[in-house]
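Here is a short report on one protein chain. It goes from the whole fold to three chosen sites.

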Amino acid sequence: MKDDGMKREFLLKAILAGAFLGLVLWGGLPLFRHRHYDVPIIKGPGVTAVLRLSDFSPRLKGTAGDTYIFVLQGKEPGGKALIMGNTHSNEPEGMLTALVFIENAVVEKGTIYVIPFFNNSGSRNTRPGDGYPLTFDVPTDWGSRRFRFGNRDASPLDQWPDPDVYIHYPDRQLLSFLDVRNTNRTWPGRPDGPLMERVTFGAMELMRRDKIDVAVDIHGAETMFPVTNCIVAPEKSVKIATLASLTVKAMEGFENHVEPSPVGFRGLSHREIGDYSATMPFLLEAPIPFLDQPTGPKTTKFLLDGKDPFLLSLSKKKKLFVPYDESGWSLEKRVGQNLSVTLEIFRQFSKKTPDRPIVLRGVPRYADVVKNGVGRYLGDPAKAAAGGVVMN
């Protein structure tokens with residue numbers, strides 16, 4: 001009888017252990033697929049080379065921090081610009097803006113470098129406690145393109161453990177422990193630091209070695225956050241930022257003000273790039289309602305159309321920092337705004353430094369994207385030429 005009882009107990013434990021393992025696998029499989037889902041990027045007509053960030057930060061090689069750099073070199077010499085998307089991977093308008101440049105732009109004078117997944121590890125991370133979707137689809141003329149939806153910070157699978165306090169290098173300012181995995185807190189980085197410091201160091205080396213004139217870091221911010229719908233610029237960049245802001249408002253009809261880069265807040269691209277290189281940095285913030293806290297469910301529909309009844313109610317009470325009505329803040333508005341502001345920054349830089357112009361064609365502006373949709377400017381990877389697709 002005692003042996004029978006022990007057998008039943010063992011069997012029960014085995015069943016419970018099997019059930020627990022089954023639940024773990026069932027819950028973990030979507031996260032595994034998300035982490036290992038590669039996004040196809042079409043090398044557009046203007047792409048002349050594809051590099052890796054590890055070419056500039058060798059200790060990134062073989063890590064999830066390494067990522068692709070697309071080079072679009074014009075036939076005539078000129079200035080050089082860097083575009084970075086997905087610094088924060090839950091702000092996909094930056095990544096999509098970068099892809100529109102990669103798949104459509106043809107540079108005539110100068111060279112443009114584009115990094116669509118700057119925080120590659122963060123793009124493979126998520127925040128399930130907030131109900132984030134793992135992927136989202138952008139409708140196109142031929143079907144749809146699927147993209148990973150990531151997290152603000154790099155995955156702990158790639159960089160761990162976090163310190164109790166992140167001590168910023170080189171200023172030694174004390175930051176939140178999570179900032180060690182935030183690629184907009186680890187500038188200017190170190191070649192042998194934590195993974196995200198090696199990522200930002202690689203970008204700094206690219207800017208220093210290739211003498212980049214202009215760097216545009218594209219973000220999205222909550223409608224309830226005061227630094228949104230703007231260009232953040234340090235002293236060396238503020239004149240061009242102001243001219244770009246005034247021009248898009250006058251010529252294209254959307255607001256985009258200028259915010260000064262705070263000297264005392266270290267680790268941010270719009271501060272450190274300017275302080276540790278000759279490059280002029282600009283950080284773009286387009287409103288993304290999806291990131292606000294007092295909203296309805298975090299659905300892919302909400303991510304795309306930016307419409308939420310709770311934010312609409314708050315807007316009527318003047319609690320938001322951007323205009324907000326029934327039309328929401330759609331992906332088309334956000335990507336279109338980023339494209340127009342980036343193009344205008346290049347134009348204003350070219351006027352200021354006519355000996356180093358950045359001239360290109362093929363990239364739509366705000367009105368085009370709002371009218372036609374983002375998907376109009378995304379190609380079909382299945383129809384790309386042999387060798388014309390890079391999986392990121």
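Buried residues make up 56% of the 392 residues in the protein chain. Buried means under 20% relative accessible area, exposed over 50%, and partly exposed in between, with a 1.4 Å probe and protein chains only. The model is predicted: local features need pLDDT of at least 70, side-chain atom pairs count only at pLDDT 80 or more, and totals for chains, interfaces and linings use all residues. Residues are numbered from 1 along each chain as its sequence is written, and side-chain values use heavy atoms, with hydrogens and water left out.

**Overall fold**

The protein chain has 10 helices and 15 strands. These are DSSP runs numbered from the N terminus: helices are H or I with at least four residues, strands E with at least two. The radius of gyration is 22 Å, close to the 21 Å of the globule rule for 392 residues, so the chain is as compact as a globular protein of that length. That radius is taken over C-alpha atoms, and the rule is 2.2 Å times the number of residues to the power 0.38. Along the principal axes, the C-alpha atoms fill a box of roughly 95 × 50 × 50 Å.

Among contacts with a separation of 6 or more, 74% join residues 24 or more positions apart. Contact means heavy atoms within 4.5 Å.

The accessible surface comes to about 17300 Å², and 59% of it belongs to carbon and sulfur atoms. Areas come from the Shrake-Rupley method with a 1.4 Å probe.

**Three sites**

| Residue | Location | Relative accessibility |
|---|---|---|
| T87 | loop between β4 (76-84) and α2 (92-104) | 0%, buried |
| R271 | helix α6 (residues 269-276) | 4%, buried |
| A154 | loop between β7 (144-148) and β8 (166-167) | 0%, buried |

Which side chain does T87 join in a polar contact? The partner is D217, at 2.7 Å. A polar contact is a pair of N or O atoms within 3.5 Å; within protein, one must be able to donate a hydrogen and the other to accept it, and residues adjacent in sequence count only if both atoms are side-chain atoms. Beyond four places in sequence, T87 also touches residues including F118, R152 and H219.

R271 has its own set of contacts. Leaving aside neighbours within four places, they include P234, E235, S261 and F265.

A154 is in contact with N119, S121, G122, N125, R181 and M196, leaving aside neighbours within four places in sequence. A154 and L29 are 125 residues apart in sequence and 20 Å apart in space, C-alpha to C-alpha.
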